[in-house]
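Please prepare a short briefing on the model shown here, covering its confidence and the surroundings of its ligands.

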Amino acid sequence: MAPGLISEQIRIDNSAPMFLYESRDSEMVQTNSAGGDEVHNPSLERSSQKPGHQANALTPPLSPTERNEMNDLVCIGFGPAGLGIAVALNDMYGSDTTGNAGSETTIRQRVRFLEKQSNFSWHPGMLLPGAKMQISFIKDLATLRDPRSYFTFLNYLKEEQRLVQFTNLSTFLPSRLEFERYMRWAANHFESSVDYSEEVTSVRPIRYVTGQKYDRLEIESRNCRTGHTSKRISKNVVIAVGGYQSRPAIFQKHNHRILHTSEYLTKIVAVVGSGQSAAEVFNDLHTRYPNASTRLIMRDTALRPSDDSPFVNEVFDPSAVDTFYHADRHQRDEAIKKNRATNYSVVRLPLLEHIYESMYTQSIEEPDRSKWQHQILPSRDVVGVSEEGADQKISLALRRLDSGDGKNEENASFDAVILATGYKRDQHIAMLEACQEINSSKDGSWTPNRDYSLGLDRSMVEADVGIWLQGANESSHGLADSLLSIIATRSGELVQSIFGNGKR
Ligand SMILES: Cc1cc2nc3c(=O)[nH]c(=O)nc-3n(C[C@H](O)[C@H](O)[C@H](O)COP(=O)(O)OP(=O)(O)OC[C@H]3O[C@@H](n4cnc5c(N)ncnc54)[C@H](O)[C@@H]3O)c2cc1C
Ligand SMILES: NC(=O)c1ccc[n+]([C@@H]2O[C@H](COP(=O)([O-])OP(=O)(O)OC[C@H]3O[C@@H](n4cnc5c(N)ncnc54)[C@H](OP(=O)(O)O)[C@@H]3O)[C@@H](O)[C@H]2O)c1
């Protein structure tokens, strides 16, 4: 939707109430290449209509930010975590599920979401045909917090007229494709509150009103299409930027044929890693490029199944966050270690079994596995990378980890290498460099409180200014932090923490 004064009405169906979006200008200083200042910030307004049942979703509470007005909240990143906040704001400050206006509906939330992608998209490089969700659809954007929310997966199915057909699948695990469509559908409802193609580069505290304590945060972003930089001002910031590709140091040098799974494209041969991404890409190659030879190179001795068993799975319950948070450091480390196999370097059993069967099928015709078209090479660490020959093949030096002295090396050449080497979650550190002055932590680390707010030095910052962090708190809030499992509940907690009890 173009910025500016735009209003839009969408009738959902005869029984459903109506959305009323209205965009107005608000505070956002955009420095364009000509050096001029532009101001725009389309936003969203609550409907003046009295909603009926299910209407808690249909009266978006995100008020337009007036020109020269502050944002109450800027959320950096509009992935599932950011979207979860939009949904929670909508549910909690819209109306209650009986259609009665909630007590806090008069609060106007001036909220912007800044997202570097050009539209809502959930790990687009990995939307592989046949890939399934790893969690039940009950852990969608809303159900665990409010099953009567408009934004449940089931209501999405209803809206798309696939509820009955989906039921016939007898599954709790939709395809990733369908879940992505669901989140995209939800995201579309907040279109006018999101600035896409905006990559945030820094957050800094500023003295805006009083000139004494810091009383606002300035968020600087770069437009990915135009290169223009913009600054927005807000009392509160949520950082929900997810992970970025973890490239082992040995692969740092740019080479367009060494890809990370997040940018999985076309020509492939070797896949490095033994987690879910590695297994999915390895398996996908066989369907997509039936004539290609593939190798799965991993340090572990075997592909291992993810632990989805019900007792262990309680580690992803919203209530587990409290227990984890209040444990001491040793207990937390132990808990992460013990439950690591729920998430990291593991593969869902059906896929693992499918790959095993593919390997087995090759053995029927060719007993010598070193001659197989598709091979798994376990117990190997990549210790060298080079380009060789006129065709610029990529040569990997592989150290055998099962050779006793660990000195046994072998070389193998590939047309392309896919790094399924996982993700890092520390972008907030660089982003908040200019905020170190207000960090309450003496050692410079950012430590989230239970409500996900970062500790700020209140002698320097006004009480109504805050920064919240999502998705990078595994060591303090537990393994579910980087996942979808608790997004509905956590988003509610966060909204309560920022706006609850008449705070804003
Ligand atoms: C292929 C794949 C499949 C997965 N499947 C599951 C699953 O089935 N179940 C599960 O629980 N978890 C799954 N996960 C884990 C995943 O972390 C979560 O699903 C989910 O993506 C977390 O949401 P998020 O919003 O925290 O992070 P992200 O989805 O990474 O979203 C962060 C957003 O922030 C944006 N962003 C980043 N930096 C900036 C910046 N500087 N400025 C502005 N915007 C920025 C990004 O473009 C992105 O849109 C999967 C992960 C992968 C890689
Ligand atoms: N369909 C889905 O729902 C789906 C699909 C893909 C991913 N995901 C999710 O995405 C998240 C990340 O999964 P992921 O598979 O991308 O990452 P991951 O589980 O973190 O696995 C990373 C893999 O890379 C290997 N590795 C890391 N550094 C290496 C190095 N220097 N040299 C060689 N190998 C190295 C690790 O090996 P070691 O074990 O030896 O350290 C591990 O096997 C998980 O939450 C997962 O569930 C979900």
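Over residues 1–61 the pLDDT, the predictor's confidence in each residue from 0 to 100, stays under 50. For this stretch the model has 150 contacts beyond four places in sequence, two residues being in contact if their C-beta atoms, placed from the backbone, lie within 7 Å. Residues 95–107 also have a pLDDT below 50, with 24 contacts in the model beyond near neighbours in sequence.

This is a predicted model, in which local features need pLDDT of at least 70 and side-chain atom pairs count only at pLDDT 80 or more, while totals for chains, interfaces and linings use all residues. Residues are numbered from 1 along each chain as its sequence is written, and chains are lettered from A and ligands numbered from 1 in the order in which they are written.

**Overall confidence**
- The protein chain has a mean pLDDT of 82, and 80% of its residues reach 70 or more.

**Around ligand 1**
- The shell holds 31 residues, each with its C-beta atom, placed from the backbone, within 6 Å of the ligand.
- G77, G79, A81, G242 and L483 come nearest to ligand 1.
- Two or more residues come from each of α1 (80–93) and β8 (198–206), helices (H or I, at least four residues) and strands (E, at least two) being DSSP runs numbered from the N terminus.
- The largest share, 3 residues, is that of α1.

**Around ligand 2**
- Ligand 2 is surrounded by 27 residues, with P248, G273, G275, S277 and G422 the closest.
- Helix α5 (residues 276–288) contributes the most to this shell, namely 4 residues.
- At least three residues come from each of domain 1 (29–42 + 70–243 + 425–499) and domain 2 (245–306 + 344–422), with bounds from an automatic or database domain assignment.
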